[in-house]
Amino acid sequence: MGQQPHINGSHTLTGAPRVKITVIDYDATRYEEHETTCVEDCFPFRDTDSVTWINIDGLGDQEIIRKIGEQFSIHPLILEDIQNTGQRPTVEDLEGYIYLTLKMLQYQEKSHEIEIEHVTLIIGARYVISFQENVGDVFDPVRDRIRKDGRIRKFGSDYLAYSLIDAIVDNYFAVIEHLEERVELIEGEVTLNPTRAALGQINDLKRDMIFLRKSVWPLREVIAHLEQTDSPIIHDTIRIYLRDVYDHTIQVIDTLEIFRDLLAGMIDIYLSSLSNRLNEVMKVLTIIATIFIPLTFITGIYGMNFTYIPLLDWWYGYFMIMGVMTTIGLFMVLFFRKRGWI
Amino acid sequence: MGQQPHINGSHTLTGAPRVKITVIDYDATRYEEHETTCVEDCFPFRDTDSVTWINIDGLGDQEIIRKIGEQFSIHPLILEDIQNTGQRPTVEDLEGYIYLTLKMLQYQEKSHEIEIEHVTLIIGARYVISFQENVGDVFDPVRDRIRKDGRIRKFGSDYLAYSLIDAIVDNYFAVIEHLEERVELIEGEVTLNPTRAALGQINDLKRDMIFLRKSVWPLREVIAHLEQTDSPIIHDTIRIYLRDVYDHTIQVIDTLEIFRDLLAGMIDIYLSSLSNRLNEVMKVLTIIATIFIPLTFITGIYGMNFTYIPLLDWWYGYFMIMGVMTTIGLFMVLFFRKRGWI
Amino acid sequence: MGQQPHINGSHTLTGAPRVKITVIDYDATRYEEHETTCVEDCFPFRDTDSVTWINIDGLGDQEIIRKIGEQFSIHPLILEDIQNTGQRPTVEDLEGYIYLTLKMLQYQEKSHEIEIEHVTLIIGARYVISFQENVGDVFDPVRDRIRKDGRIRKFGSDYLAYSLIDAIVDNYFAVIEHLEERVELIEGEVTLNPTRAALGQINDLKRDMIFLRKSVWPLREVIAHLEQTDSPIIHDTIRIYLRDVYDHTIQVIDTLEIFRDLLAGMIDIYLSSLSNRLNEVMKVLTIIATIFIPLTFITGIYGMNFTYIPLLDWWYGYFMIMGVMTTIGLFMVLFFRKRGWI
Amino acid sequence: MGQQPHINGSHTLTGAPRVKITVIDYDATRYEEHETTCVEDCFPFRDTDSVTWINIDGLGDQEIIRKIGEQFSIHPLILEDIQNTGQRPTVEDLEGYIYLTLKMLQYQEKSHEIEIEHVTLIIGARYVISFQENVGDVFDPVRDRIRKDGRIRKFGSDYLAYSLIDAIVDNYFAVIEHLEERVELIEGEVTLNPTRAALGQINDLKRDMIFLRKSVWPLREVIAHLEQTDSPIIHDTIRIYLRDVYDHTIQVIDTLEIFRDLLAGMIDIYLSSLSNRLNEVMKVLTIIATIFIPLTFITGIYGMNFTYIPLLDWWYGYFMIMGVMTTIGLFMVLFFRKRGWI
Amino acid sequence: MGQQPHINGSHTLTGAPRVKITVIDYDATRYEEHETTCVEDCFPFRDTDSVTWINIDGLGDQEIIRKIGEQFSIHPLILEDIQNTGQRPTVEDLEGYIYLTLKMLQYQEKSHEIEIEHVTLIIGARYVISFQENVGDVFDPVRDRIRKDGRIRKFGSDYLAYSLIDAIVDNYFAVIEHLEERVELIEGEVTLNPTRAALGQINDLKRDMIFLRKSVWPLREVIAHLEQTDSPIIHDTIRIYLRDVYDHTIQVIDTLEIFRDLLAGMIDIYLSSLSNRLNEVMKVLTIIATIFIPLTFITGIYGMNFTYIPLLDWWYGYFMIMGVMTTIGLFMVLFFRKRGWI
């Protein structure tokens with residue numbers, strides 16, 4: 001995004017074909033962690049009583065997705081949708097599992113761009129499978145809490161799903177902070193110097209906003225649905241957590257709406273700054289022209305070659321006319337000062 | 001559409017009178033395909049246990065529509081509406097069949113225009129009748145899947161209807177991709193060179209958007225209704241597919257909304273580019289006039305014909321005055337540079 | 001409307017006092033038609049088993065309305081509302097009859113204006129009473145179908161009411177077609193020549209749109225209510241017809257919304273055309289002034305009366321200076337060409 | 001309102017402390033009317049079987065309100081709210097009475113201002129108490145109808161309440177008519193002469209509109225609530241009357257919305273008139289400057305003091321040059337005419 | 001807020017670490033008040049039958065919040081949220097208590113800024129705990145009423161909670177009054193003198209509005225929820241009070257909406273004032289240039305050095321030409337007066 005945001009309307013996938021699979025299996029007493037590229041490695045964990053989190057980085061290998069679908073009896077349509085990275089956040093209660101997609105945002109320090117990654121969660125009774133477009137995510141705090149025997153170890157797969165969603169939504173705040181900085185920066189610039197570049201930046205920001213809204217807005221309904229679902233996978237103890245994420249999502253949406261209004265105001269400022277600048281330019285022109293055009297006319301009069309022109313022959317004629325012109329000029333200056341133009 | 005989009009508000013039909021009828025009849029084990037211009041040929045398939053898809057290209061022949069209506073007991077009003085190509089997408093559960101209309105969009109490579117075609121589906125328990133305005137559609141993938149014994153052969157008429165709708169919605173993405181290209185093209189142009197032609201193109205695009213919205217927006221409710229209907233024609237196994245088409249429709253609508261915002265932003269850029277350009281023109285005028293008008297005044301002074309004007313008789317007078325004028329000119333240039341106008 | 005649209009907010013009625021009453025009484029086997037100015041003539045039809053349509057043109061005679069109200073036991077408030085031509089479309093289920101008002105639009109070929117007429121329908125079990133402001137309506141096709149023993153003769157008063165509403169809504173399409181023509185006409189004009197008259201026309205159209213919206217928009221709910229009412233007057237067989245009118249109403253509303261967007265776009269075009277034109281004017285001024293002001297300054301130099309000015313005494317001085325000025329002029333022209341101003 | 005509208009957000013009351021109390025007590029057979037400043041005078045009517053209307057002009061005397069509250073067992077909070085004139089229209093079903101507030105609008109002929117007065121109704125089973133800010137109201141027609149033994153005398157307190165509300169809503173139409181006149185007046189002015197005063201007037205109107213909307217908009221819900229309430233105070237026979245007021249309220253809201261759109265259009269016209277005017281000014285400047293600047297340059301050439309300038313010595317030189325300049329001038333005029341500037 | 005409003009999107013807390021705890025314990029007969037910094041001091045009040053209000057100023061000490069959470073069995077998530085000052089107003093019915101957050105606004109006389117403070121209420125059966133960001137609040141009237149044995153002493157914790165909310169909402173009116181003053185001040189300024197500073201102030205106000213809306217808007221739902229909740233903590237007698245606060249909240253929102261419209265109108269005025277000013281500047285330039293450029297041309301003609309120029313040798317030539325030029329000048333002035341430019 002940023003300079004060249006993509007309008008994610010395509011069905012096809014341009015992700016890298018390299019796929020990385022990580023399995024974390026835990027219960028209140030123990031935890032183990034595996035990294036593999038062979039999808040079969042994670043099937044044994046399917047039937048354990050412990051909670052299993054299978055994370056798949058990269059959607060390029062259709063075979064892997066097909067195999068997982070088979071093992072965990074996921075509907076073929078869902079498998080297709082996992083690879084449709086242009087899809088909006090959505091949730092569906094299905095036979096034995098919940099299908100949920102959302103957008104992971106990451107601010108790239110280097111390129112000053114916001115990276116949007118499509119994430120799919122398959123939430124089962126005792127497992128969560130997460131599909132990501134690329135390696136690199138915002139789930140490290142969740143992994144740490146599992147490793148360090150945090151509260152998460154005492155709960156089931158629903159709490160794990162909550163933790164993943166919460167990690168993603170928490171990261172929205174970080175992204176928004178960066179946007180906030182950019183908004184403030186541009187705001188200062190626009191008021192002082194309404195360059196075309198500044199307008200370009202406002203429009204880039206607006207564009208970013210539009211894409212963020214598209215990513216975050218539907219999440220509201222998704223989480224509300226998850227909170228109210230009667231699926232046995234989501235336990236009642238988890239609902240308060242989901243409501244908390246819900247509130248955070250609304251907070252993100254509110255902030256985006258505010259940005260939107262601020263940006264609209266900035267375009268107003270920009271346009272009126274342009275007008276102001278034109279006014280200024282025209283004032284300079286008008287002052288100079290209005291003072292000197294009449295004076296030049298007077299010199300023109302005494303530059304005519306008539307046989308007889310009064311004053312011309314008078315020794316002090318020149319000085320008198322210069323005096324008259326100075327008077328006219330001063331009068332003009334006073335007129336402009338009175339009007340507040342100078 | 002494109003250059004001269006039609007506002008489809010008319011009741012009358014200007015379609016070609018030539019009508020082409022195609023019948024595809026299949027079940028899990030066999031499939032047959034017929035092309036005819038005689039509507040009676042397809043009546044024998046009505047009472048078979050297999051799924052029958054009757055496709056009618058061209059709405060010009062009222063007799064054919066009347067006969068089909070009689071054979072399949074379709075309400076006379078529905079038969080009238082089939083020919084009202086200006087109608088918005090709609091769905092109705094009726095005695096023994098579902099009536100559904102939607103818009104098929106096709107991007108014409110040659111004319112760079114988007115063609116909107118009105119499509120009506122009559123979905124019965126064991127048949128689907130599709131009415132199109134002209135020959136040429138986006139259903140070939142569906143035909144291929146029937147011929148190649150795809151999953152479709154195992155399902156009933158509801159899945160066939162889903163497949164047809166899905167084919168149409170899938171094609172929206174192709175149309176949107178072309179729009180995306182045009183948006184990007186115009187965007188570059190507008191920033192660099194705000195010609196009147198560019199504004200015309202933005203308005204053409206906006207107009208296309210408005211018509212697309214009109215075509216796609218009501219589809220949302222149509223498919224939602226189809227998914228939630230308690231008609232026995234739609235089986236429960238099909239609902240997940242319908243929900244998938246529903247999600248795609250929302251995705252299309254979202255993208256159109258984004259385009260809409262982008263176009264609104266482009267008009268802002270266009271107008272401010274015009275202002276910028278005026279500012280630039282005025283700056284050039286102001287700089288030239290402000291430098292040379294006072295200098296011309298000075299030459300006017302020494303062009304007057306007074307008997308006595310100081311300096312005139314002095315040998316170096318000319319050079320001194322030229323020096324003074326050069327100084328004034330340079331001072332002006334510095335003034336403008338300080339203001340950032342040069 | 002058109003040139004001087006009326007804001008119908010008044011309670012009083014300015015209709016003509018002349019009242020014309022037409023009675024059409026029919027069943028499946030026979031039909032009779034009477035025209036009278038004496039309201040008592042139509043009371044005998046009240047208690048027949050056949051369907052009776054009493055049409056009253058002109059709301060000026062309170063006595064007639066009072067008498068009808070008495071005969072058909074219509075609530076006094078409804079009788080008052082019949083004469084309130086400023087009322088918006090509305091529907092009410094009452095004891096023994098349905099009260100329904102809507103707006104009849106007619107395009108006047110001569111004055112190029114859209115005439116809005118307030119129509120009230122009182123739908124009883126075996127009769128329909130229609131009140132119109134003036135003589136002249138869009139109901140002739142309905143009368144023809146009754147006379148020619150059409151489908152309408154087999155149905156009851158509910159179908160008659162439907163037919164009247166349908167005739168009115170069908171006429172909206174004719175009105176919209178005329179608006180469409182005007183929109184296209186103005187569109188061409190605005191782009192080529194942004195005169196103040198064009199803006200006036202856009203605003204007239206916008207105004208017409210606003211009044212049309214006000215007339216059509218509430219009709220949506222009115223017909224939806226009629227379709228879903230549990231009043232015994234509306235039979236189930238009629239619902240499909242009402243739903244059809246409903247769809248047409250939505251189609252009209254959609255088209256008006258599109259017009260609205262198009263008109264908004266036209267104002268953008270108009271304003272930017274004004275800006276463009278100003279830019280053009282300023283360019284001409286700037287080019288001429290920028291070329292000739294410096295040259296005039298040069299002539300001013302050599303017009304000064306100093307004792308010694310280089311070149312003045314030189315025989316070829318004039319030609320040289322003329323050459324210099326030509327060079328400067330050409331250079332300016334090149335500069336402007338490079339900037340794309342010429 | 002009008003010139004200096006008040007934003008009624010304050011809790012405190014600035015009404016006059018003088019309080020006038022009027023009691024009208026009636027049933028189908030008799031009626032009596034009292035005016036007093038002593039609140040105790042109206043308590044005897046509380047327990048009669050006839051309908052009692054107590055009208056209180058002036059909210060300045062807290063003691064009176066407290067006493068009434070005690071006598072009619074009104075909740076202390078409601079008593080507080082009666083004096084909060086900034087409150088929006090609202091309705092509440094309470095133990096034994098209905099509490100309802102709305103805004104009474106009156107157009108002041110003298111000051112050309114719209115006066116907003118806060119009115120509270122306490123509707124009991126057999127009484128209505130109305131609180132007004134000041135003496136002077138729109139209830140005279142209701143009083144007349146009571147005095148003249150109108151239909152109102154046959155109904156209970158609910159019909160009285162309806163009559164009061166109806167009188168207030170009916171007066172909205174009068175206020176709107178005045179606004180309509182102002183809108184039309186300003187519209188003519190803006191098109192012909194876009195003075196700053198006209199913009200000021202548009203903004204005053206807009207401001208009035210905003211305050212009217214604030215006053216009228218919530219009334220919609222208030223009356224809808226009243227119509228649908230199951231309070232025993234409102235009888236079923238009254239509902240049709242309430243629905244009628246409801247329709248009138250919607251009509252007022254619709255008209256205000258139309259005004260709003262018209263005013264928005266007028267600002268467009270105003271701004272484009274400004275642009276047009278600038279264009280015109282610039283055209284005059286450009287025409288004059290473009291014709292005479294080049295010609296002045298030519299005179300400058302022949303005003304130079306070179307020893308040898310062609311034509312100067314020729315007897316007809318002057319006439320030839322004058323001819324050349326006339327030709328150039330005419331050519332310029334033709335150029336401008338071709339461009340449609342003259 | 002005001003000059004540098006903060007976008008409260010951060011999770012972290014920057015409040016002062018100093019924490020002040022105040023306990024007020026009362027019933028209908030007695031009341032006691034304690035101030036402490038040691039959280040354990042307020043636990044004894046937990047199990048009394050009297051109503052206890054624990055107010056905590058400062059959210060910096062996590063330990064205190066943790067201990068309170070433990071003592072009053074508050075969910076850990078709620079404890080986390082108490083410190084998230086960026087959260088929007090929200091309410092939640094939980095096991096044994098109601099969690100409610102809202103924004104306390106205070107206008108700072110000195111800095112002319114609006115201070116937003118995040119307030120959390122934990123409402124239990126017999127206690128209310130209030131958490132504030134800093135010392136200093138709007139609750140003094142509530143404290144006074146408790147001390148002075150007001151109505152509040154007869155009710156339970158739900159009335160206390162209502163009183164606190166009411167105090168906060170009441171203060172919104174004070175804040176709005178200050179905004180109103182600023183709006184009026186700026187309005188006068190903008191019309192007379194559209195400086196860039198004025199636009200800046202409009203934008204500051206707009207920004208303040210946006211933040212206020214964000215703070216107040218969700219409160220509507222919060223109080224509506226509280227009014228309709230079936231939690232045993234809120235008694236039926238309190239609902240009428242809550243409905244009153246609800247009405248006040250709507251009143252605040254309405255006023256903010258009006259401000260919003262007024263500010264939008266002010267930007268229109270600002271921009272058109274800029275245009276007006278440009279028009280004025282251009283008129284001055286045009287008048288001067290149009291009068292003097294042709295005249296200067298005439299002087300140029302008679303300044304040419306042709307051997308023979310008519311009139312030059314004539315003694316009265318000069319006077320005649322001066323007369324001609326005066327005539328032209330006067331004609332120009334008349335022309336401009338006719339156009340209404342002078």
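Strand β5 of chain E is mostly covered, since 9 of its 12 residues are buried. In this predicted model, that strand is a good place to begin, and from there the path leads outward to its partners in the sheet, then to the helix that lies across them, and finally to the neighbouring chains.

On one side, β5(E), which covers residues 97–108, pairs with β4(E) in the antiparallel sense over 5 bridges. Two of the residue pairs can be picked out in the structure: V91(E) has L100(E) of β5(E) as its bridge partner, while D93(E) is matched in the same way with I98(E) of β5(E). The strands β4(E) and β5(E) form a hairpin with 2 residues between them, and in that turn G96(E) has a positive phi of about 90°.

On β6(E), the story continues with another antiparallel pairing, in which 12 bridges join β5(E) to β6(E). One of the matched pairs here is Y99(E), whose bridge partner in β6(E) is I122(E). These two strands also form a hairpin, with 4 residues between them, and the turn contains H112(E), which has a positive phi of about 55°.

If the view is now widened from these hairpins to the whole sheet, 7 strands of chain E can be followed in the order β2-β1-β3-β7-β6-β5-β4. The sheet is open, and its pairing is mixed. Its edge strands are β2 (31–36) and β4 (90–94) of chain E, each of which pairs on one side only. Neighbouring strands of this sheet are turned by 15° against each other on average, when direction is ignored. It also helps to remember, when looking along any one strand, that side chains in a regular strand alternate between the two faces of the sheet.

What lies across β5(E) and some of the other strands? Helix α4 of chain E, made of residues 157–192, lies across β3 (51–57), β5, β6 (113–124) and β7 (127–132) of that chain, and the helix runs at about 25° to β5(E).

A single residue of chain C shows how a position in a strand can be described by its surroundings. E33(C) is placed in strand β2 of chain C, which spans residues 31–36. Why does E33(C) count as partly exposed? The reason is that E33(C) has 13 C-beta neighbours inside 10 Å, whereas a residue would need 20 or more to be buried and 12 or fewer to be exposed. The C-alpha atom of E33(C) is separated by 9.9 Å from that of I54(C), although the two residues are 21 residues apart along the chain.

The next step is to see how the chains are arranged with respect to one another. Chain A can be laid on chain E by a turn of 72° and a shift of 0.0 Å along the axis, with an RMSD of 0.1 Å, and that is the relation of a five-fold axis. Within chain A, the C-alpha nearest the axis belongs to G303(A) and is 4.8 Å from it. The copies use different surfaces, as 19% of the contact residues of chain A recur in chain E. A turn of 72° with a shift of 0.0 Å along the axis likewise lays chain D on chain C, with an RMSD of 0.1 Å, and in chain D the C-alpha nearest the axis is that of G303(D), 4.6 Å from it.

Where chains A and E meet, the contact takes 43 residues from chain A and 44 residues from chain E. On the side of chain A that touches chain E, α4 (157–192) and α6 (236–302) of chain A each supply at least two residues, and α6(A) gives the most, with 32 residues. The residues on this side of chain A divide into 20 nonpolar, 14 polar and 9 charged. By contrast, no contact joins chain A and chain D, whose closest C-alpha atoms lie 9 Å apart, and no contact joins chain C and chain E, whose closest C-alpha atoms also lie 9 Å apart.

Finally, a careful reader should ask how confident the predictor is. The complex is given an ipTM of 0.79 and a pTM of 0.83. In chain A the mean pLDDT is 87, and 95% of the residues reach 70 or more, but pLDDT stays under 50 over residues 1–16 of chain A.

Conventions: Residues numbered from 1 in each chain as written. Chains lettered and ligands numbered in written order. Predicted model: local features only at pLDDT ≥ 70, side-chain atom pairs only at ≥ 80, totals over all residues. pLDDT = per-residue confidence, 0-100. Contact = placed C-beta atoms within 7 Å. Nonpolar A, V, L, I, M, F, W, Y, C, P; charged D, E, K, R; others polar. Least-squares fit on C-alpha atoms with pLDDT ≥ 70 in both. Pairing = 2+ DSSP bridges. Axes fitted to C-alpha atoms, helices over the stretch in contact; angles between N-to-C directions.
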